Each structure stands twice: as structure tokens, then as C-alpha cells.
Amino acid sequence: MNEPRARADSAAALIALEDVHLVQPDGRVALAGINLNIRRGERVVLLGANGSGKSTLLKLLDALVFPTHGRYLFEGRAMAHAGADRARSVRSFRQRVVLMFQQPEAMLFNPSVGEEIAYGLRHLPIDERRARVTHWASQLGLSARLDTPPSELSGGEKQRLCLACLLAVEPEVLLLDEPTANLDPRTVGWLLDWLSTREITSVVATHQLAMAGELGERLVVLGEDHTVVFDGPIDQGLDDLKLLTDQGLAHVHRHRHGKRVHRHPHGHGD
């Protein structure tokens with residue numbers, strides 16, 4: 001198994017986690033000693049078994065939760081834990097760093113699709129706001145649904161609406177938790193193409209090993225002990241069957257082909 005990459009100079013990173021531990025209120029460990037630097041423009045894929053801490057890590061990167069020990073730095077400045085400094089620091093980067101939750105219903109609360117997309121654009125002049133709503137509704141196939149309540153959308157449409165809401169604010173950092181779970185193949189293709197052609201920093205958590213290589217160039221694997229067990233080139237990580245099987249991301253089982261029985265590795269979600 002590959003060791004995590006050595007910690008680089010955090011001052012050169014857009015995002016830096018320094019010995020981050022996070023313990024839940026009930027005492028469960030969610031993250032344990034995470035050191036992670038992400039440079040501007042990097043596309044990072046996050047893998048790990050259920051319960052390893054992927055969703056918690058994404059929430060921490062979006063400043064929705066904070067370390068119980070260690071530091072989270074954005075552009076070299078520590079995100080404050082409490083008080084006025086925390087409120088100011090969170091507000092200042094909320095438009096720059098956005099997170100799509102695994103369950104889209106958690107993000108939707110406006111009366112219509114159009115108002116949902118426009119919600120994060122309230123600071124813009126009305127003409128620019130309308131133009132962005134129109135553009136991103138078209139990009140995500142929602143133009144005919146602008147007056148529809150989000151509750152009446154299908155699961156895939158809700159996922160597309162969440163993407164439209166996030167992309168409309170033109171963020172610098174895009175955090176996605178299982179973004180392809182409810183998407184149809186056409187939208188998955190669009191998202192992969194969009195990510196590959198934009199200079200945007202992204203961290204994408206997925207179970208889809210077959211798709212991981214198209215979501216980024218760098219792979220970070222969280223172990224069941226909530227530590228980083230691999231951090232390196234994505235091809236190297238995906239080719240390491242021992243790493244994937246040890247971390248519960250792939251399994252090997254018997255197959256029968258006619259009279260011949262042999263064993264194949266399979267990635268979860270493939």
C-alpha cells in the first residue's frame with residue numbers, strides 16, 4: 001500500500017488541512033489526523049468505504065463543520081471556529097466554495113426551480129441574475145421546469161437542479177458528494193465533460209470506480225480508521241488492487257464461464 005504523500009508547504013495551497021481530527025458529538029471519530037493540501041485547479045477524487053469520513057470531510061471543506069483538533073486553512077488563512085471571525089470568514093468564501101450533498105432534497109427549499117437557481121444570485125443585478133438562471137437551466141435540461149416546485153421533480157431532476165444552483169454562482173471550488181448517483185447517462189456525460197474542460201478546483205466523492213478516472217487526476221483514499229491511506233496519481237491508485245480490496249472498495253469472487261471457474265476483481269458500484 002502506498003503511503004500518503006508528504007505534506008507540502010501549506011502556504012502554497014488553496015486548501016490545507018493540518019493534522020485535522022473531528023470527533024462527532026456522540027464521541028464517534030469521523031476524521032483522524034488528516035493532512036491534505038489542494039492546489040488551485042486540482043481535480044481530486046475521494047474514495048473510501050461507507051463510514052470512512054468522506055461526507056464529513058466535504059462538509060469540513062465547505063466550513064459546515066470544524067475540526068476538534070488541527071486547522072483548516074483557505075488561501076493560507078485559518079477558518080475560525082467560533083465568534084465574529086468565524087462568521088466573517090465563512091461569509092467571505094461561501095460563494096467561492098460550494099458543496100452538493102448526496103441527498104438533493106437537503107438543498108432545496110424555494111417555491112420553484114427558477115427561484116431555487118436564483119437564490120444564490122441575490123447579490124447580482126436582476127438582468128445578470130435572470131441570464132444566469134436561463135443559462136444554467138438550459139445547460140441542465142430544466143428550462144421547461146422553471147415554474148415547477150422542486151418537490152414535484154424526479155430524483156434525477158433534483159440532482160440536476162442542485163448542480164444548476166451551484167454552478168450558477170460560478171464557484172472556485174466545487175465539492176460533490178456522489179454527484180452521479182441519480183443522474184441519467186446523458187447528464188453524467190455532460191458533467192464529466194464540463195469538469196474536464198474547466199479550470200475549477202474540485203473534490204468529488206464517489207463509489208463508482210469505473211468513473212473515478214474521468215472525475216480527476218489525483219486520488220485520495222480514506223481508510224476505515226478515518227485516515228488518509230493513499231494520496232497520489234489516480235491511475236496508480238486504481239491499479240492497486242490490494243489497496244482497493246483492503247479498503248473495501250473492490251472485491252474478488254468466483255465466476256463460472258462454461259466449465260472454467262476463475263476469480264475477477266470487481267469495484268463497488270461497477
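This dialogue reads a helix and a pocket in a predicted model.

Q: What does the secondary structure of the protein come to?
A: Count the elements before picking one. Here there are 9 helices and 12 strands.

Q: How many of the residues count as buried?
A: Buried means under 20% relative accessible area. By that cut-off, 49% of the 270 residues are buried.

Q: What share of the contacts joins residues 24 or more positions apart?
A: Take the contacts with a separation of 6 or more. Residues 24 or more positions apart make 61% of them.

Q: How far does helix α6 reach from its first C-alpha to its last?
A: Set the span against the one expected at 1.5 Å a residue. Helix α6 covers residues 185-196, 12 in number. Its reach is 17 Å, close to the expected 16 Å.

Q: What caps the N-terminal end of α6?
A: Look for a side chain that meets a backbone nitrogen there. D184 is the cap. One of its side-chain oxygens lies 3.1 Å from the backbone nitrogen of R186.

Q: Which residues of α6 are buried, and what covers them?
A: The buried ones are T187, V188, W190, L191, L192, W194 and L195. Their cover includes the strands β3, β7 and β8. The helices α4, α5 and α7 also contribute.

Q: How much space lies in the largest pocket, and which residues are closest to its centre?
A: Start with volume, then lining. The largest pocket holds about 560 Å³. Of its 21 lining residues, R94, M107, Y119, G120 and L166 are closest to the centre.

Q: Which elements supply that lining, and how do its residues divide?
A: β6, α3 and α5 each give at least two residues. The lining has 14 nonpolar, 3 polar and 4 charged residues. Helix α5 also helps cover the buried residues of α6.

Technical notes. Residues numbered from 1 in each chain as written. Predicted model: local features only at pLDDT ≥ 70, side-chain atom pairs only at ≥ 80, totals over all residues. Heavy atoms only, no water. Helix = DSSP H or I, 4+ residues; strand = E, 2+ residues; numbered from the N terminus. Expected span 1.5 Å × (residues − 1). Buried < 20%, exposed > 50% of the residue type's maximum accessible area, 1.4 Å probe, protein only. Contact = heavy atoms within 4.5 Å. Polar contact = N/O pair within 3.5 Å; in protein donor to acceptor, adjacent residues only side chain to side chain. 1 Å grid on protein atoms, 1.4 Å probe; cavity = no way out; pocket = protein on both sides within 12 Å on 5 of 7 lines; lining within 4 Å. Points joined across faces, edges and corners; volume = space filled by probe spheres on them. Nonpolar A, V, L, I, M, F, W, Y, C, P; charged D, E, K, R; others polar.
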